[in-house]
There are 2 protein chains.
Amino acid sequence: LPAGFFDHPDMMMTATDPAILGPGLLGGSIAMALRHLHPGSNVRIWGRRKEAVDFIGKNEIAAVASTDLAEVVGGADLVILCVPVGAMGELASRLREHLAPGAIVTDVGSVKLPVLETIGPILGNRFVGSHPMAGSEKFGIGAARADLFRGAVSIVTPTAASCPEAVGRVRAFWEGLGSEVRELSPEEHDRTVALVSHLPHLIAAALVDFVCLENRDALNFCGAGFRDTTRVAAGPAKMWTEILLENREAMRAALRSFGRHLAAVEPHFDDPDALDAFLSRAAEQRDSVSVRRNRSSWPTGK
Amino acid sequence: LPAGFFDHPDMMMTATDPAILGPGLLGGSIAMALRHLHPGSNVRIWGRRKEAVDFIGKNEIAAVASTDLAEVVGGADLVILCVPVGAMGELASRLREHLAPGAIVTDVGSVKLPVLETIGPILGNRFVGSHPMAGSEKFGIGAARADLFRGAVSIVTPTAASCPEAVGRVRAFWEGLGSEVRELSPEEHDRTVALVSHLPHLIAAALVDFVCLENRDALNFCGAGFRDTTRVAAGPAKMWTEILLENREAMRAALRSFGRHLAAVEPHFDDPDALDAFLSRAAEQRDSVSVRRNRSSWPTGK
């Protein structure tokens, strides 16, 4: 471990020199959250495009903003990969030689098994995957917010080969941004997000598409319910195509099972008690989600 | 028309003595919006339960709050039925004898053909149906908000027998609360809301239920996407059972077609370009919804 890693009482186990690779919605939000909650940390951002890096420099979002990977990664104690999953393998290969002794690497990818299969052979147990369950249908650093991770669940995905100390540092990093950390294996993670993130996205997209095909004009009559139910469908298509394809086996299974589940609802229209029981159960279950969310609190920071 | 109906420059054609029957989320929000935007109006509320009426009296939400139908309806120029659709027939029969000359009646029911079939024979062309596409998963006057109708679409559903002047007054009423009015026939209305309101509700409920059956623990990992996609499923089950059953034929048809549409998504997992095209189309269509919504403006009122 770098000297001084535990010397910052307000930061606990959070990194003092975090390097964010990829200045998009998540990378930008991590930088803003660190600035707000841990003003002592020395945030470094790497971006592929000069314009993005210049924007960060101009807005004083990070201490170091550069297109030079060696400059950003050298000296960092924690590197967070915030690029698309498809770009992570090449980036991990390039950054490896610049990693300081004791530095560890995590990522924010929406799937974990494909990331592990790509990065694991390159970085070994210096890599521990993670996935903050926070986002927006908007994208890019323009949509970044310091409170994006506040109260959100961040999933950390160690394997049997992971070093407990590295896992602890990645956990502490996400806790330090205000999120609640849970651990899942990469396989469990991918099955879980297929259910609570990827399938809902696909359903929202299918619903918008269906309504347009059935009656384009109906969109002029929608209320807050339709807008919320389909909000995620406005997300960037290219990114979601990549995410869904990376989790394709879990997605195919989830889509088929959900199709059968939905078909089983129709008979309830012959049985008011069954329809009421179905809707009551769903309402109760959905309420439990809000309760969990509302328990979370915002760390006060320094 | 009652004398003075057009004498309030800030109220245009809005009713001066509106009677709201049923002090729930919608009835309460109408009263609060009238108070805020049209402080000159003499708002009257009828409730079945004494406690609800007392609550309104204590909070000065209306000029008259009573469990006595004759007291509230007599002297009103516009009566708005805000009770469950199943209770409207009996209420219409009871209020008929108290209606002032020239007074008209509308409602806020989520289905329009069943309401027309029930109330039409009782009130004839003094009744013009409407449906403000605004609501919440919460219910009761405690969730009422003066801006509930702001920027929302309110659908008015005249028939060939409707008197244009009565239709105009109902339109002006909803416009006066800040909503954008569109006209549909009762049949068109019911098919449209099956698509943009009732089907999304059923899908949201099925999604929550499905995730719980597949992996109850997955709910602990959900982000803002899942919460928004399923928000409406937390709505009152009894009310939604009634709404869905009243629109049962349109719902069965919509459910079956949507099931086929969703099943047709799976082959896209073998064809990245098709998946990208599908998600791009949905994102573009969904974006158009936000654009329309953002155009709406809040009337300044008096």
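**Group meeting: the A/B interface and a sheet in chain A**

Okay, so the rule finds 12 salt bridges across the interface of chain B and chain A. Keep in mind that this is a predicted model. One of those bridges joins the side chains of B:Arg252 and A:Asp270, at 2.5 Å from N to O. If you go by polar contacts instead, you get 22 residue pairs between the two chains, both partners at pLDDT 80 or more.

Which parts of chain B supply the side that touches chain A? At least two residues each come from strand S7 (153-157) and from helices H7 (186-215), H8 (224-230), H9 (237-246), H10 (248-263) and H11 (272-295). H7(B) gives the largest share, 19 residues. By type, that side of chain B splits into 45 nonpolar, 15 polar and 20 charged residues.

On to the totals. We have 80 residues of chain B in contact with 80 residues of chain A. Together the chains bury about 7,900 Å², and 66% of that is on carbon and sulfur atoms. On the chain B side, the residues losing the most area to chain A are B:Phe221, B:Phe269 and B:Arg286, together 11% of what that side buries.

Now let's look inside chain A. There's an open sheet of five strands here, ordered S3-S2-S1-S4-S5, with parallel pairing. Its edge strands are S3 (64-66) and S5 (104-107). On average, neighbouring strands are turned by 20° against each other, ignoring direction. Take S1(A), residues 18-21, and S2(A), residues 44-46: they pair over three bridges, and A:Ile20 stands opposite A:Ile45 in S2(A).

Last one: helix H6 of chain A, residues 164-176, lies across S1, S4 (78-81) and S5, at about 50° to S5(A).

Note on methods: Residues are numbered from 1 along each chain as its sequence is written. Chains are lettered from A and ligands numbered from 1 in the order in which they are written. This is a predicted model: local features need pLDDT of at least 70, side-chain atom pairs count only at pLDDT 80 or more; totals for chains, interfaces and linings use all residues. Side-chain values use heavy atoms; hydrogens and water are left out. Contact means heavy atoms within 4.5 Å. Buried area is the accessible area (1.4 Å probe) that two parts lose on being put together, summed over both. A salt bridge is a side-chain nitrogen of Lys or Arg within 4 Å of a carboxyl oxygen of Asp or Glu. A polar contact is a pair of N or O atoms within 3.5 Å; within protein, one must be able to donate a hydrogen and the other to accept it, and residues adjacent in sequence count only if both atoms are side-chain atoms. Helices (H or I, at least four residues) and strands (E, at least two) are DSSP runs, numbered from the N terminus. Ala, Val, Leu, Ile, Met, Phe, Trp, Tyr, Cys and Pro count as nonpolar, Asp, Glu, Lys and Arg as charged, and the others, Gly among them, as polar. Two strands pair if DSSP finds at least two bridges between them. Axes are lines fitted to C-alpha atoms, for helices over the stretch in contact, and angles run from 0 to 180 degrees between N-to-C directions.
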